[in-house]
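Here is a friendly walk through one model, going from charged pairs to the core and then out to the surface. Keep the viewer open and follow along.

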Amino acid sequence: MGESIQEKAQELYDALEVRKRPDGKKYYCLKNDSPLWMSDLIRQVHGDRLPDDYVYETIAETAAILADADPDADVDELWEALAEGVEADLYTKELTDWLGDSIYNITYLNQVLEDDLGIKDGFQLLAYAQYLFKQEIARAVLDELVKLVKESD
């Protein structure tokens with residue numbers, strides 16, 4: 001029997017490292033000797049986006065949550081763990097930095113407005129928009145890991 005989703009997630013998490021740019025900003029990237037499936041997964045999760053620090057950070061966060069999940073958890077339980085574990089940033093500066101990072105991020109803000117959740121506070125609006133972004137990335141990571149595990153069985 002092949003590896004579990006949790007084991008693959010642990011491998012992915014272990015292969016992600018934090019580096020610093022010349023301006024001191026930290027970012028995640030894959031270690032140089034990482035297996036090809038990890039690069040493929042990251043490319044798939046990015047979709048049409050160029051490499052994005054927020055996507056990488058959310059991939060790392062997702063991999064950590066999945067790696068720590070109950071080894072007997074099924075896919076639905078893993079998704080529940082992600083829905084509870086992946087959270088929006090707490091500080092307005094972080095949220096506005098995220099929003100300004102990519103033109104695509106405005107679509108999440110628009111989605112919250114279209115869903116008409118009754119949010120009247122700008123901070124909550126931004127936080128929920130970022131939550132939708134992170135959940136989309138988390139779902140894509142989980143889907144890719146499920147495919148990998150099925151292919152290895």
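## A charged pair in helix 5

The side chains of K93 and D97 meet in a salt bridge, with N and O 2.9 Å apart. This is a predicted model, so the distance is that of predicted atoms. K93 and D97 are four residues apart in helix 5, which means that about one helical turn separates them.

How do the two partners sit with respect to the surface: buried, partly exposed or exposed? K93 counts as exposed, because its relative accessibility is 58%. D97 counts as partly exposed, at 34% relative accessibility.

## A second pair, in helix 7

Helix 7 offers a pair with the same kind of spacing to look at. D143 and R139 both lie in helix 7, four residues apart, about one turn of the helix. Their salt bridge has its closest N and O atoms 4.0 Å apart. The cut-off for a salt bridge is a nitrogen-oxygen distance within 4 Å.

Both partners can be placed by their accessibility. D143 counts as partly exposed at 36% relative accessibility, and R139 is partly exposed too, with a relative accessible area of 31%. Elsewhere, salt bridges that share partners join R21, K25 and D53 into one network.

## Inside that network

Two members of the network deserve a closer look. The side chains of D53 and R21 meet in a salt bridge of 2.7 Å, N to O. D53 lies in helix 3, while R21 lies in the loop between strand 1 (16-20) and strand 2 (26-30), so the pair ties together parts that are 32 residues apart in sequence.

D53 is partly exposed, with a relative accessible area of 21%. Buried residues have under 20% relative accessible area, so D53 does not count as buried. R21 is partly exposed as well, with a relative accessible area of 31%. For the model, the count comes to eleven salt bridges. As a general point, side chains of opposite charge can pair when their charged atoms come close.

## The nonpolar core

Which residues have the most contacts inside the largest nonpolar core? They are L12, L16, L41, I59, L66 and L145, in a core of 44 residues. The elements that give two or more residues to this core are helix 1 (5-15), helix 2 (36-46), helix 3 (53-67), helix 4, helix 5 (92-101), helix 6 (105-115) and helix 7 (122-152). The largest share comes from helix 7, with 13 residues. In soluble globular proteins, nonpolar side chains tend to be buried together.

Helix 7 also holds Q135. Is Q135 buried or exposed? Q135 is buried, because its relative accessible area is 7%. To get a feel for distances here, select Q135 and V146: these residues are eleven apart along the chain, and their C-alpha atoms are separated by 16 Å.

## Patches on the surface

Which residues form a negative patch on the surface? The patch is made up of D70, D72, D74, D76, E77, E80 and E84. E84, one of these residues, is found in helix 4 (residues 75-85). E84 counts as exposed, because its relative accessible area is 64%. For a longer view across the model, E84 and K31 are 53 residues apart in sequence and 28 Å apart in space, C-alpha to C-alpha.

There is a nonpolar patch on the surface as well, formed by I103, Y104 and I106. Together these three residues have about 310 Å² of accessible area. Y104 has its place in the loop between helix 5 and helix 6. With 41% relative accessibility, Y104 counts as partly exposed.

## A backbone detail

One last stop concerns a backbone angle. D116 is not a glycine, yet D116 has a positive phi of about 45 degrees. Where is D116 found? D116 is in the loop between helix 6 and helix 7. D116 is also exposed, because its relative accessible area is 64%.

Methods: Residues are numbered from 1 along each chain as its sequence is written. This is a predicted model: local features need pLDDT of at least 70, side-chain atom pairs count only at pLDDT 80 or more; totals for chains, interfaces and linings use all residues. Side-chain values use heavy atoms; hydrogens and water are left out. Patches are made of residues with over 30% relative accessible area and no salt bridge: like charges are joined within 9 Å, nonpolar side chains (Val, Leu, Ile, Met, Phe, Trp, Tyr) within 5 Å. Accessible areas come from the Shrake-Rupley method with a 1.4 Å probe; for residues, only the protein chains shown count as cover. Lys and Arg count as positive and Asp and Glu as negative; His and the chain ends are not counted. The place of a charge is taken as NZ of Lys, CZ of Arg, CG of Asp or CD of Glu. Buried means under 20% relative accessible area, exposed over 50%, partly exposed in between (1.4 Å probe, protein chains only). A nonpolar core is a set of buried Ala, Val, Leu, Ile, Met, Phe, Trp, Tyr and Cys residues joined through side-chain atoms within 4.5 Å.
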